[in-house]
Amino acid sequence: MIILLLIPALFSLHQILVRKGFEREDLLTGNFISIATTALIFTPILILRFHLNANFLLLMIFAGILNFVLARVCFYASIKRVGANVASALSATRIYFAEIFGILIGEKVTFKLFLASTLIFIGILLLLNPKKNRDILGVILGLLTAIFVVLSSVVIKIGLQMYDDPILASSVGYLSAFMVFLASRIFSSSDLNISEGKFFVLAGLFVGIGHLLRYYALSIYPVSVVEPILSVYPLFTLIFSYIFIRNIEFFDRRIILGSVLIVVGVYECST
């Protein structure tokens, strides 16, 4: 249980550090430093567990681009524009989108999904507070994060049917994302200053450890136990952001209530 609660805590601390890091670094540099740090963790795993299966590797590379490039850029941009609290709540809707995609391929609409949809929709409306000049693009980027993550999950699921090693899959994904960001650095005019990006280094470290613990937890407990607990990480983000960055983070009743409604709706989708 301690491990299960530590995972969402690490994911939330990752978001807090990203929010703090944007006080000094730009979006692409922050992404590069974070991904590079996490890639350092997963590269030895990739070497030790490497298995030559061309179709599997190609799918994992594609999944890595969806998850750790497109989704990560959208997520970091959302954090920068609307704050860690709002972005984390919006990105948590990925389980909801997974249910919606299930409907598109023929699964039935249940009352639980209808209830979850209602809660999430109301939660998003509360986060869109015009009185506070809420950034609509930042909200859309948060939702795009969830969609890209779900799409990557579909690709990963197909790939794991070819070769069942989720840790290797994640390692390939991180390394492929790192190569994309490394290529982007070649054409970047900004200087890379690790000392200025120390928050992104810590963010990459925390999220990397969080993913490793997540895979470990999934090897012990069923998905039906792990995912509902992980879905509460936006509440951890609210708590940590109030403790560590309340001077730069957005706080009001609508954000708190909206985040809670989204978490409850996501929890209903995952149970």
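**Figure 1. Arg246 lies over the face of Tyr242.** This close-up of the predicted model puts Arg246 at 5.0 Å from the centre of the Tyr242 ring. A second view of this kind features Arg185, whose charged end sits over the ring of Phe32. Here the distance to the ring centre is 5.7 Å.

**Figure 2. Phe236, Phe240 and Phe244 along helix 11.** Welcome to a helix with some aromatic company: the structure holds 10 aromatic pairs, and two of them can be followed here. The rings of Phe236 and Phe240 are 6.1 Å apart at their centres, and their planes meet at 50 degrees, so this pair is tilted. Both residues belong to helix 11, which covers residues 233-244, and they are four residues apart, or about one turn of the helix. Phe240 also pairs with Phe244, again in a tilted arrangement, with 6.3 Å centre to centre and 45 degrees between the planes. These two residues are likewise four residues apart in helix 11, about one helical turn. Is Phe240 buried or exposed? Its relative accessibility is 16%, and because the cut-off for buried is under 20%, Phe240 counts as buried. Phe244, on the other hand, is exposed, with a relative accessible area of 53%.

**Figure 3. A cluster of aromatic rings, and the surroundings of Asn31.** Phe22, Phe75, Tyr76 and Phe200 are linked into a cluster by ring pairs. Tyr76 appears again in this view as a contact of Asn31. Asn31 has its place in helix 2, which spans residues 27-49, and is buried, with a relative accessible area of 0%. Which residues does Asn31 touch, leaving aside neighbours within four places in sequence? They are Arg72, Val73, Tyr76 and Phe181.

**Figure 4. The salt bridge between Glu249 and Arg19.** Side chains of opposite charge can pair when their charged atoms come close. Four salt bridges turn up in a search of the whole structure, and this one brings the closest N and O atoms of Glu249 and Arg19 to 2.9 Å. The two partners come from distant parts of the chain, 230 residues apart: Arg19 is in helix 1 (residues 2-21), while Glu249 is in the loop between helix 11 and helix 12 (253-270). Both ends of the bridge are buried, Glu249 at 7% relative accessibility and Arg19 at 12%.

**Figure 5. Salt bridges of Lys20 and Arg49.** Lys20 pairs with Glu23, the closest N and O atoms being 3.1 Å apart. Lys20 is partly exposed, with a relative accessible area of 25%, and Glu23 is partly exposed at 47%. In the other bridge, Arg49 meets Asp165, with 3.1 Å between the closest N and O atoms. Arg49 lies in helix 2 and Asp165 in the loop between helix 7 (136-160) and helix 8 (166-186), so the bridge ties together parts of the chain that are 116 residues apart in sequence. Arg49 is partly exposed, with a relative accessible area of 37%, whereas Asp165 is buried at 7%.

**Figure 6. The chain as a backdrop to the close-ups, with 12 helices and zero strands.** Stepping back, one can place each view within a chain of 271 residues, of which 51% count as buried. Among contacts with a separation of 6 or more, 91% involve residues 24 or more positions apart. The accessible surface of the chain comes to about 12,900 Å², and 71% of this area belongs to carbon and sulfur atoms.

Technical notes:
Residues are numbered from 1 along each chain as its sequence is written. This is a predicted model: local features need pLDDT of at least 70, side-chain atom pairs count only at pLDDT 80 or more; totals for chains, interfaces and linings use all residues. Side-chain values use heavy atoms; hydrogens and water are left out. Rings of Phe, Tyr and Trp (its six-membered ring) pair if their centres lie within 6.5 Å; planes under 30 degrees apart count as stacked, over 60 as edge-to-face and the rest as tilted. Buried means under 20% relative accessible area, exposed over 50%, partly exposed in between (1.4 Å probe, protein chains only). A charge sits over a ring if NZ of Lys or CZ of Arg is within 6 Å of the ring centre and within 35 degrees of the ring normal. Contact means heavy atoms within 4.5 Å. Accessible areas come from the Shrake-Rupley method with a 1.4 Å probe; for residues, only the protein chains shown count as cover. A salt bridge is a side-chain nitrogen of Lys or Arg within 4 Å of a carboxyl oxygen of Asp or Glu.
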